Amino acid sequence: MTSTPPPARHQLWHPTRGISFSPTPRLYKSPPKEPSILTRKPATTTRQPAQPAAESAVETQDVSSSEAIDAQPDTVEARGQEGNGPEDGRWAVAEDDGETNAGADQKTDFGPPPATMNYEIVKDLFYAAKKARPGSPESYWSYTHYRGPVENGTPRKVTVHYCRSKHTMESVCQKYFMEEKVLGFDLEWVAHATRQDDIRKNVSLIQLASPSRIALFHVAVFDGKTGFVAPSFKQIMEDPGVTKVGVAIKGDATRVRNFMHVDSRGLLELSHLYKLVIYSSNRQYENINKRLVPLATQVEQFLRLPLFKGNDVRSKSIRIEDLGSSTERQEKKKSPSKRGRSKPPPKPKLPPKPKHPFVEAAEDRAMCYKEAHPSTRVTPTLLRAYYLWYNHDLHPKAIASMVREPPIQENSVRNYILTSIQYEKLPYNQERLLHELAYPLPYTVRSRWPVAIAAVKQAESKNKV
């Protein structure tokens with residue numbers, strides 16, 4: 001039995017305890033050892049009081065098997081009571097004896113993640129997802145795997161609120177999210193939406209998540225007569241005491257500021273926290289940078305199940321006229337044409353190719369740069385190519401095929417990157433600029449970029465020496 005004294009103050013991350021969202025510790029069995037880069041044993045926290053079961057009578061829907069995402073059947077029994085920690089208040093960690101509690105087929109290398117909140121993953125559902133065929137819907141991580149405190153003999157499930165109006169958005173935020181200190185935050189928008197488009201296309205869906213609830217604010221279907229921003233939502237987003245976490249969260253916050261006039265504060269980039277956790281323990285500080293890490297990568301490493309990232313809202317073509325009721329759309333389909341005959345069905349259109357996460361991250365960075373430097377003459381397209389090259393270490397050939405189908409010319413990508421570096425004085429790697437940008441260009445084209453000429457002359461002078 002080993003023990004360490006409690007921290008002097010609450011911290012989100014500590015090398016010996018991992019991530020903790022509550023300052024109160026509790027006794028726990030050490031998690032199964034995992035063959036990953038992390039070998040620390042994160043601590044778990046005490047159970048929080050159960051929330052009331054009664055739901056509001058406002059326009060809120062709890063997602064079931066017939067709506068949105070099919071919830072898996074609740075076949076597990078209520079969990080037993082757990083210890084609240086030693087009486088002297090010290091942290092106690094049980095020794096790992098290497099035994100498993102779920103049989104030979106449930107190896108310790110693939111056990112469920114340790115619980116850090118009062119909602120935790122159900123072991124039976126976790127192992128069922130592990131055993132499912134890879135790529136099948138049952139094999140992915142889902143919020144339906146989680147259960148909370150026992151209420152009336154049944155563990156509580158995560159509740160989903162789907163809001164189609166500003167009034168419902170205000171009611172849900174006021175009732176369920178005002179007291180939360182850490183919230184997940186994400187946006188969805190129409191692919192290729194521009195600043196000239198309205199808020200419905202640029203902020204189509206807002207997502208907030210706490211340990212016990214998920215809120216989906218479908219801004220694209222708000223009537224807009226009384227506005228689009230609920231006062232409680234604005235208060236939550238502008239409160240620096242409420243930590244909002246997400247991947248590429250600054251880009252999402254920029255959209256909210258531009259189109260909803262909400263100045264978000266208290267933002268935490270999960271990619272940066274991920275690298276702090278991964279590389280601090282082994283002192284690889286040079287790997288801690290601001291390059292984004294896809295959420296799917298983080299989920300699979302820490303929650304130990306893959307995250308489904310199919311065609312999301314941003315990869316779909318959403319039309320405002322399609323947002324009416326299903327009855328209205330059916331009536332339009334049935335109405336005859338002027339000749340008395342129904343119109344032929346439209347030809348099916350292939351859905352656009354989903355954007356690569358690196359492309360989305362680069363576009364968000366380009367938008368943030370344009371907002372911070374309104375006088376710049378470099379377009380977002382050029383900045384996007386630069387951020388893909390510099391932030392994600394991509395070769396111009398890979399960038400050419402990633403940003404468009406069919407691919408653009410490689411030399412066009414090189415010109416985009418050199419333009420951004422030349423006019424905005426952006427940082428660059430000397431060796432990469434020389435071999436990936438300057439040398440492949442013809443001399444007549446290279447001569448237009450003083451930064452490329454300087455790199456070539458410097459390399460030639462070193463060779464002569």
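C173 is buried, with a relative accessible area of 0%; buried means under 20% relative accessible area, exposed over 50%, and partly exposed in between, with a 1.4 Å probe and protein chains only. C163 also counts as buried, at 0% relative accessibility. Are these two in a disulfide? Let me put that properly: how many disulfides does a search of the whole structure find? It finds zero, where a disulfide is a pair of cysteine sulfur atoms within 2.5 Å. For C163, the nearest cysteine sulfur is that of C173, 7.4 Å away. For C173, the nearest is that of C163.

A word on the source. This is a predicted model, in which local features need pLDDT of at least 70 and side-chain atom pairs count only at pLDDT 80 or more, while totals for chains, interfaces and linings use all residues. Residues are numbered from 1 along each chain as its sequence is written, and side-chain values use heavy atoms, with hydrogens and water left out.

Now the whole protein. There are 15 helices and 13 strands; these are DSSP runs numbered from the N terminus, helices being H or I with at least four residues and strands E with at least two. Of the 465 residues, 39% count as buried. Take contacts, meaning heavy atoms within 4.5 Å, between residues at least 6 apart in sequence: 65% of them join residues at least 24 apart.

Next, the sheets. Two strands pair if DSSP finds at least two bridges between them. One open sheet has six strands in the order β8-β11-β10-β9-β12-β13, with mixed pairing. Which strands stand at its edges? They are β8 (159-163) and β13 (267-269); each has a single partner strand, so one side of each has no neighbour in the sheet. From one strand to the next, the twist averages 25 degrees. Inside this sheet, β9 (residues 182-188) and β10 (residues 205-209) run antiparallel and are joined by five bridges. One residue to look for is L187, whose bridge partner in β10 is I206.

Helices pack on this sheet. Helix α2 (residues 166-177) touches β8, β9, β10 and β11 (213-217), and its direction makes about 160 degrees with that of β11. Helix α5 (residues 249-260) touches β9, β10, β12 (243-246) and β13, at about 70 degrees to β9. Axes here are lines fitted to C-alpha atoms, for helices over the stretch in contact, and angles run from 0 to 180 degrees between N-to-C directions.

Another open sheet has three strands, in the order β5-β6-β7, with antiparallel pairing. Its edges are β5 (120-121) and β7 (154-157), each with a single partner strand, so one side of each is without a neighbour in the sheet. Two bridges pair β5 with β6 (residues 146-151), and I121 has Y146 as its bridge partner in β6.

Last, the cores. A nonpolar core is a set of buried Ala, Val, Leu, Ile, Met, Phe, Trp, Tyr and Cys residues joined through side-chain atoms within 4.5 Å. The largest has 32 residues, and W389, I417, L418 and L433 have the most contacts inside it. Elements giving two or more residues to it include α9 (357-372), α12 (410-424) and α15 (450-464). Which element gives the largest share? That is α10, with seven residues. Leaving aside neighbours within four places in sequence, L418 is in contact with L433, L437, L441, W449, V451 and A452. Apart from this core lies another, of 30 residues, among them V172, L183, I206 and V229.
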